[in-house]
Amino acid sequence: MTAVAARVLRRLVERGETLAVAESLTGGMVAAELTSVPGASRSFRGSVTAYATSLKHDVLGVDGLLLAERGAVDPDVARAMATGVRLTLGADWGVSTTGVAGPEPQDGKPVGTVYVAVSGPGGVQKVAELRLNGERADIRRESVRSLLELLSGELGDNARAQDTEQNGGN
């Protein structure tokens, strides 16, 4: 996973852009993964671990009515968290995680329901719904990996890697 984090950070530096992270179920794991890469401070602005639903509203600006009607485990909440952290921390890109790692369902959603989101320049908004299996630790780890891959794709890394493979490398 560190390789994906390094790729994301390298791409952000190349683009002269910054990143902020909002986390719920991952509890700081995304930020930890990013900051494990030497030189992360060149593009990583910071993170907000909004584990409590009220913090999603109070700190990240997620609409209170949306939270009341749908709960914290919702694609629109994930999108709003990514946008909120981007604005709050003054970054070009914002990403977020929200979901149910277990052991019990939450907001009427089964364990393994996760939403990861990216908010970026020019109105970029992307949300992915994950249906994950496994233990709590597995769900949290896979959420981090999936979020970093989603961001990597939005930064253009996946398309470039696929193009290189199709054209014989280099």
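**Group meeting: a walk through the predicted model**

From the N terminus on, the elements of the protein chain run α-β-α-β-α-α-α-β-β-β-α-α. That comes to seven helices and five strands. Keep in mind that this is a predicted model.

Overall shape next. The chain has 170 residues, and a compact globule of that length would have a radius of gyration near 15 Å. The protein chain has 16 Å, which agrees. Along the principal axes, the C-alpha atoms fill a box of roughly 50 × 35 × 25 Å. The accessible surface is about 7,900 Å². Carbon and sulfur atoms account for 48% of that surface. Of the 170 residues, 45% are buried.

How does the chain connect to itself? Take contacts between residues at least 6 apart in sequence. Of those, 64% join residues at least 24 apart.

Let me make that concrete with two residues. Start with A91. A91 sits in the loop between α5, residues 75-88, and β3. Buried or exposed, this A91? Its relative accessible area is 11%. The cut-off for buried is under 20%, so A91 counts as buried. Now look for T18. T18 and A91 are 73 residues apart in sequence, yet their C-alpha atoms are 5.1 Å apart in space. T18 is also one of the contacts of A91, once neighbours within four places are left aside. The others on that list are L19, A20, R45 and R86.

Second residue: V118, in strand β4. V118 is buried, with a relative accessible area of 1%. What does V118 touch, beyond residues up to four places away in sequence? Going up in number, the list opens with A82, W93, G94 and V95. Then come V124, Q125 and K126. L147, L150, L151 and E154 complete it. One distance to go with that: the C-alpha atoms of V118 and A78 are separated by 8.5 Å, with their positions 40 residues apart along the chain.

Now the loop between β3 and β4. Please zoom in on P103, which lies in that loop. G102 and P103 are joined by a cis peptide bond, with omega at about 15 degrees. D107 is found in the β3 to β4 loop as well. Its phi is near 50 degrees, a positive value in a residue other than glycine. Why point these out? Because most residues other than glycine have a negative phi, and most peptide bonds are trans. As for exposure, D107 is partly exposed, at 38% relative accessible area.

From G102, look across to A137. A137 lies in helix α6, residues 136-154. The two residues are 35 apart along the chain, and their C-alpha atoms are separated by 9.3 Å. A137 counts as partly exposed, at 43% relative accessibility.

Last stop, the largest pocket. Its volume is about 170 Å³. How many residues line the largest pocket? The count is 15. Nearest the pocket centre are L25, Y51, G99, A101 and Q106. Which elements supply at least two residues each of the lining? α3, residues 53-58, does, and so does β3, residues 93-99. By class, the lining has six nonpolar, six polar and three charged residues.

To recap. The radius of gyration agrees with a compact globule. A91 and V118 are buried. The β3 to β4 loop holds P103 and D107. And the largest pocket has G99, A101 and Q106 among the residues nearest its centre.

Definitions and conventions. Residues numbered from 1 in each chain as written. Predicted model: local features only at pLDDT ≥ 70, side-chain atom pairs only at ≥ 80, totals over all residues. Heavy atoms only, no water. 1 Å grid on protein atoms, 1.4 Å probe; cavity = no way out; pocket = protein on both sides within 12 Å on 5 of 7 lines; lining within 4 Å. Points joined across faces, edges and corners; volume = space filled by probe spheres on them. Helix = DSSP H or I, 4+ residues; strand = E, 2+ residues; numbered from the N terminus. Nonpolar A, V, L, I, M, F, W, Y, C, P; charged D, E, K, R; others polar. Rg over C-alpha atoms; globule rule 2.2 N^0.38 Å. Buried < 20%, exposed > 50% of the residue type's maximum accessible area, 1.4 Å probe, protein only. Contact = heavy atoms within 4.5 Å. Areas by Shrake-Rupley, 256 points an atom, 1.4 Å probe, with all protein chains shown as cover.
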